[in-house]
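I opened my notebook to jot down what I looked up in this structure. The entries follow in the order I made them.

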Amino acid sequence: MQSLIGTGVALVTPFKKDFSVDIEALQRIVNFSIDGGVEYLVVMGTTAENATLTQAEKELVITTVINTNKGRLPLVLGVGGNNTMQIVEELKTGDFSAFEAILSVSPYYNKPTQEGIYQHFKAIAEASPLPVILYNVPGRTSSNMLPSTVIRLANDFENVVAIKEAAGDVVQAMQLIKNAPKDFLVISGDDMIALPIVLAGGAGVISVIGQGFPKEFSEMIRLGLNKKVSEAFKTQYFLSDCIDMIFEQGNPAGIKQVFQALGIAENTVRLPLVTVDDSLANRLNEFVKNSIK
């Protein structure tokens, strides 16, 4: 899928100081990302704090992104969880007409076997009206979806078209790139190693920092895709300190502090997450201040 090559951004859900969803800030974030040159937008990923949103709030966020985007970029919708039957029902009954693909996280907490992971995504693939992007993020799910399981799914289901690989393991990503079917896309889910994965043959990234620095980060990935290595690494090393900082005290607390420093949105997160401490806030504010040209 050509539309998934390059930089996608996993949009945050901005909140006002009273913890309500900030629609105007969300509109600003969408436009900032689009104007910065990213290739697609991911709605309702884990970065959106969807675990703490009501169903009505999720629908409000989705509608706001669709209406703000106005068809300018492809949209990907997060549809995942650890209740397979519930996800299948959602896929069979939902309206996905505005979306290019779904992004579905490997089941968390349950800790299924590799066969359980395969059967979970088999059920999703058979129910989904859209192409499916698998999402492997062991740091959040407590289980690693092995390359053999991913490749089995990719070979067995034509609509399993990509993986967001966030194990933090370049070697594992390279195994996927080497052994997956020809048109299957390996998309980095780790901002820090997105460029090395692209240079190894990956298709791009679904990024957190990309929405805070869309121009710089998306250009870096395009340079990597075009094998302009030295130029790409200049941006990698420019952003590397900030990438470390935005994840230092949890996601999306870090990127929301960047948005506050940019004057785009408040840094409010919902419990059990808390805002970054003053020390990290000051360091992020200083980085943003020095990066604005």
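In which strand is the place of Y135? I found Y135 in strand 5, residues 132-136. Before going on, I noted that this is a predicted model, where local features need pLDDT of at least 70, side-chain atom pairs count only at pLDDT 80 or more, and totals for chains, interfaces and linings use all residues. Residues are numbered from 1 along each chain as its sequence is written, and side-chain values use heavy atoms, with hydrogens and water left out. For my own use, helices (H or I, at least four residues) and strands (E, at least two) are DSSP runs, numbered from the N terminus.

**Entry: the active site pair**

I picked Y135 because UniProt, in an unreviewed entry, has an "active site" annotation that covers Y135 and K164. Y135 and K164 span 30 residues in sequence, yet no two of their C-alpha atoms are more than 4.7 Å apart, so they gather at one spot. Both Y135 and K164 are in the lining of the largest pocket. I wrote down what that term takes: on a 1 Å grid over the protein atoms alone, a pocket is an open set of points with protein on both sides within 12 Å along at least five of seven lines, and lining residues have an atom within 4 Å of a point. UniProt positions are in the numbering used here, feature names are shortened, and annotations may be inferred rather than shown by experiment.

Is Y135 buried or exposed? Y135 is buried, because its relative accessible area is 7%; buried means under 20%, exposed over 50% and partly exposed in between, with a 1.4 Å probe and protein chains only. Leaving out residues up to four places away in sequence, Y135 touches T46, L103, S104, V105, S106, M145, K164 and A166. Contact here means heavy atoms within 4.5 Å.

K164 sits in strand 6, residues 160-165. K164 is buried too, at 5% relative accessible area. I listed some of what K164 touches, including L103, I133, Y135, I187 and I206.

**Entry: the binding site pair**

That last contact sent me to I206. UniProt lists T47 and I206 for "binding site", again in an unreviewed entry. Although T47 and I206 are spread over 160 residues of sequence, they cluster in space, with a largest C-alpha distance of 10.8 Å. Of these residues, T47 is included in the lining of the largest pocket.

I206 lies in strand 8, residues 204-207, and is buried with a relative accessible area of 2%. Among the residues that I206 touches are G8, A10, Y40, V42, L103 and K164.

Where does T47 lie? I traced T47 to the loop between strand 2 (40-43) and helix 2 (55-69). T47 counts as buried, at 4% relative accessible area. Its contacts include A10, L11, V208, Q211, N251 and P252.

**Entry: cis bonds and positive phi**

N251 and P252 got a second look. A cis peptide bond joins N251 and P252, with omega about 10°. P252 is in the loop between helix 10 (229-248) and helix 11 (253-262). I noted another cis peptide bond between L271 and P272, where omega is about 15°. P272 lies in the loop between helix 11 and helix 12 (278-291).

Next I checked phi. E49 has phi near 55°, a positive value in a residue other than glycine. E49 is in the loop between strand 2 and helix 2, and E49 is buried at 5% relative accessible area. K227 also came up, with a positive phi near 60° in a residue other than glycine. K227 belongs to the loop between helix 9 (214-225) and helix 10, and at 47% relative accessibility K227 counts as partly exposed.

**Entry: a helix pair**

Last, I looked at how two helices pack. Helix 4 (residues 114-127) and helix 6 (residues 147-156) pack at an angle of about 30°, with their axes 10 Å apart. That angle makes helix 4 roughly parallel to helix 6. Axes are lines fitted to C-alpha atoms, for helices over the stretch in contact, and angles run from 0 to 180 degrees between N-to-C directions; under 35 degrees counts as roughly parallel. Which residues make the contact? On helix 4 they are Q114, E115, I117, Y118, F121 and K122, and on helix 6 they are T149, R152, L153 and D156.

How values were computed:
On a 1 Å grid over the protein atoms alone, a cavity is a set of points where a 1.4 Å probe fits but cannot get out, and a pocket is an open set with protein on both sides within 12 Å along at least five of seven lines; lining residues have an atom within 4 Å of a point. Angles under 35 degrees count as roughly parallel, over 145 as roughly antiparallel, 65 to 115 as roughly perpendicular and the rest as oblique.
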